[in-house]
Amino acid sequence: MASRSAAERRQALADLIAPGIEAHSLDVTSDTQVEAALRAIGRIDHLVFTARPEIQSKPFLEIDPEQAKSACDTKFWGQYRVIRHALRFLREDGSIVLTSGIAGDKVFRNSSTMAIINGATEALCKSLAVELAPVRVNAVSPGFVEPKTPSIVEYAKRFPSGRLASEDEIANAYIHLLEATYMMGVTMVVDGGARLI
Ligand SMILES: NC(=O)c1ccc[n+]([C@@H]2O[C@H](COP(=O)([O-])OP(=O)(O)OC[C@H]3O[C@@H](n4cnc5c(N)ncnc54)[C@H](OP(=O)(O)O)[C@@H]3O)[C@@H](O)[C@H]2O)c1
């Protein structure tokens with residue numbers, strides 16, 4: 001696992017996930033840090049990208065464009081950057097799973113930055129599935145995942161599923177895409193039907 005604070009939280013991650021987990025610190029907005037961490041990790045079977053940018057819901061005209069660019073730099077360009085550096089370490093029958101999100105598909109007011117990031121991520125997923133084959137490239141698009149504020153918990157009662165997703169329900173989609181050797185360029189939507197209402 002890797003994130004800005006993963007190395008310093010290694011013990012907590014080991015307790016939560018698996019005792020032998022390796023944790024590396026890297027900021028996905030830095031080519032130097034990404035390259036150094038990947039060199040330390042070495043050979044990669046599968047690459048899963050889940051970094052989330054700091055972003056507030058705001059009307060388009062109230063957004064500071066520099067904050068929007070920074071969010072793009074973490075999530076969209078972060079994925080782009082990590083893939084470029086990771087390819088030389090990734091095995092030929094390995095795979096990449098990106099993360100999109102419901103705002104790339106369904107229009108929510110005040111969510112234009114996540115809309116462009118997630119839309120671009122899904123487009124990148126399809127292009128790279130063609131260009132990087134036989135490496136498989138897919139994406140997961142979560143809906144609304146626990147925990148959330150009371151108002152979103154209330155909103156989720158209107159979904160066909162009637163509730164938020166658990167973390168495990170989203171994690172299962174990543175595991176499925178890692179194992180599904182004939183799935184390429186797919187964005188797997190896991191939203192309990194939220195995009196349909
Ligand atoms: N949760 C939802 O309801 C939901 C819905 C739709 C889509 N998504 C998408 O799912 C993905 C994961 O979301 P989440 O809710 O799991 O987010 P999260 O719990 O906030 O985790 C995001 C992780 O990203 C890491 N990170 C942030 N900036 C980074 C950077 N510059 N470099 C390296 N790591 C960085 C953070 O670790 P450090 O602070 O240690 O760096 C953190 O562990 C995101 O792409 C999000 O847009 C989530």
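Let's start at H85, in this predicted model. H85 sits in helix α3, and it counts as partly exposed because it has 17 C-beta neighbours inside 10 Å. To be called buried, a residue would need 20 or more of those neighbours, while 12 or fewer would make it exposed. Leaving aside residues up to four places away in sequence, H85 touches V34, E35 and L38. Now look across to I152: it is 67 residues from H85 in sequence, and their C-alpha atoms are 37 Å apart in space.

Stay on helix α3 for a moment and find Y80, which is also part of it. Is Y80 buried, exposed or partly exposed? Y80 is partly exposed, because 18 other C-beta atoms lie within 10 Å. Here's a nice example of chain folding: Y80 and V28 are 52 residues apart along the chain, yet 9.6 Å is what separates their C-alpha atoms.

What about the helix as a whole? Helix α3 covers residues 65-86, which makes 22 residues. At 1.5 Å a residue, you'd expect a span of 32 Å, and the C-alpha atoms at its ends are 29 Å apart, so the two values agree. Follow the helix along and you'll come to a kink of about 45°, centred on W77.

Which residues of α3 are buried? They are A71, K75, F76, G78, Q79, V82, I83 and A86. So what do they pack against? The partners of these buried residues are α2 (31-41), β3 (44-48), β4 (90-99) and α4 (112-131).

Now zoom out to the protein chain, which is divided into domain 1 (1-42) and domain 2 (45-196). Taken over C-alpha atoms, the centres of the two domains are 20 Å apart. Where they meet, 8 residues from domain 1 and 9 residues from domain 2 take part in the contact. On the domain 1 side, α2 gives the most, with 4 residues. Sorted by class, that side of domain 1 has 3 nonpolar, 3 polar and 2 charged residues.

Next, the ligand. There are 18 residues around it, and S3, R4, S5, R52 and G101 come nearest. The shell is a mix: 7 of its residues are nonpolar, 7 are polar and 4 are charged. Why does the ligand lie between the two domains? Domain 1 and domain 2 both give residues to the shell, so the ligand ends up between them.

Finally, have a look at the backbone in some of the loops. Most residues other than glycine have a negative phi, and most peptide bonds are trans. With that in mind, try N110, in the loop between β4 and α4. Its phi is near 70°, a positive value in a residue that isn't glycine. N110 counts as partly exposed because it has 14 C-beta neighbours inside 10 Å.

Two prolines are worth a visit as well. P134 is in the loop between α4 and β5 (136-142), and the peptide bond leading to P134 from A133 is cis, with omega near 15°. P147 lies in the loop between β5 and α5 (150-156). The peptide bond from E146 to P147 is cis too, with omega near -10°.

Definitions and conventions. Residues are numbered from 1 along each chain as its sequence is written. This is a predicted model: local features need pLDDT of at least 70, side-chain atom pairs count only at pLDDT 80 or more; totals for chains, interfaces and linings use all residues. A residue is near a molecule or strand if its C-beta atom, placed from the backbone, lies within 6 Å of it. Ala, Val, Leu, Ile, Met, Phe, Trp, Tyr, Cys and Pro count as nonpolar, Asp, Glu, Lys and Arg as charged, and the others, Gly among them, as polar. Domain bounds come from an automatic or database domain assignment. The expected span of a helix is 1.5 Å times one less than its number of residues. The bend at a residue is the angle between axes fitted to the seven residues ending there and the seven starting there. Two residues are in contact if their C-beta atoms, placed from the backbone, lie within 7 Å.
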